[in-house]
Amino acid sequence: MGLSRAAKADLWFVVVTLLAAAGWIFSKEAILLMPPLLFISLRFLLAGMVLTMVGFRQIKTLSWNQYRQSIFVGAIFSFGTCFWVMGLYSGVSISVGVFLTSLAVVMVPLLSRVLFKEKPPRSTWFSIPVAVIGLAILTLKSDLSIETGQLFFLAASFFFGIFFIYNTRAANHQEVAMLDESINVSEKVPALPLTAISLLVVGVIAAGVSFYMEPWQSTFTHFSLELLFWVSASALVGTALRFFIQTHAQSLSTHSHGVVIMVVEPIWTAFLAAAWFDESLSQTDLMGCSLIFLSIVINRWPLISGLFRFVNKTTA
């Protein structure tokens, strides 16, 4: 008996988490050889062009409103990505950085409340104190200071949270109440065109910021095969392939547990960082990361408990 479509989707989501974790390693290697914002520009432009070629038929049929939504989502994503790569460039441990970035999961319900007056689930209020304690243990030193790189990662998680909200809304039909009390239904943007355009927008904005802030000449005059490999791996494997598989998994079933499975990305990333860069966490950092991960689990508990019920039902 073959796997169900939902089970196949879940397996693909596991692959997505591994590719996302590998993307951290590829990116770290690349920015050791070139300016970080220039790297982000090349990575996302290349990945965006690949996905544009794959989804070109869908992209050319989009309406202006769908283009506008995709560009706006990409602009928000660019803020998060630029802060993220500066955090990575700062020298903060990858293991610490990935857990700080993952706080976006906890921020999303609160940001939805502020932006769209959506009521957060009860699990959010239980997760926040745990996240705050973990964040304090992880970032505040004896003199109550916080590293600049950690601030970059926190800023990235904030914008990633906003990106997730608007990306989800763009990918689904939404009803918007107008001032004259009429209801305007915003068009859904197909996942592949939305992703391709968003990545291209990130690449363009990052290129502009990089051109203003970073030197380019040394990168291109000393361009090496090693640099080409890491940029290509980041763009093609860590970005284009990752998002293509994620889109495919989402198309297989509406009953997969992708949102729950993606929670393990920080764990994979920490393991890879330990294996590749020989990183290790102090007891204090480990405690902080553990509490942040626990806050994410608490935040996602309604979905996680649903997964357990689904597994018990299918194995009974």
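Patches are made of residues with over 30% relative accessible area and no salt bridge, with like charges joined within 9 Å. A salt bridge is a side-chain nitrogen of Lys or Arg within 4 Å of a carboxyl oxygen of Asp or Glu. The model is predicted, with local features needing pLDDT of at least 70 and side-chain atom pairs counting only at pLDDT 80 or more. Residues are numbered from 1 along each chain, and side-chain values use heavy atoms, without hydrogens and water.

**Exercise 1.** Find the residues that form the positive surface patch, then place Lys 119.

*Solution.* Step one: Arg 113, Lys 117, Lys 119 and Arg 122 form the patch. Step two: look for Lys 119 in the loop that joins α6 (104–116) to α7 (122–139). Step three: Lys 119 counts as exposed because its relative accessibility is 75%, and exposed means over 50% (1.4 Å probe, protein chains only).

**Exercise 2.** Work out the surroundings of Ser 102.

*Solution.* Begin with the loop between α5 (94–101) and α6, where Ser 102 sits. Next, Ser 102 is buried, since its relative accessibility is 11%; the cut-off for buried is under 20%. Leaving out residues up to four places away in sequence, Ser 102 touches Pro 266, Ile 292 and Ile 296, where contact means heavy atoms within 4.5 Å. Finally, Gly 161 is 59 residues from Ser 102 in sequence, with 9.3 Å between their C-alpha atoms.

**Exercise 3.** Is Ser 198 buried or exposed?

*Solution.* Start in helix α9 (residues 191–213), which holds Ser 198. Ser 198 is buried because its relative accessible area is 3%. Its contacts, again without residues up to four places away in sequence, are Ser 70, Val 73 and Gly 74.

How values were computed. Patch = residues over 30% accessible without salt bridge, like charges linked within 9 Å, V, L, I, M, F, W, Y side chains within 5 Å. Areas by Shrake-Rupley, 256 points an atom, 1.4 Å probe, with all protein chains shown as cover. Lys, Arg positive; Asp, Glu negative; His and termini not counted. Charge placed at Lys NZ, Arg CZ, Asp CG, Glu CD. Helix = DSSP H or I, 4+ residues; strand = E, 2+ residues; numbered from the N terminus.
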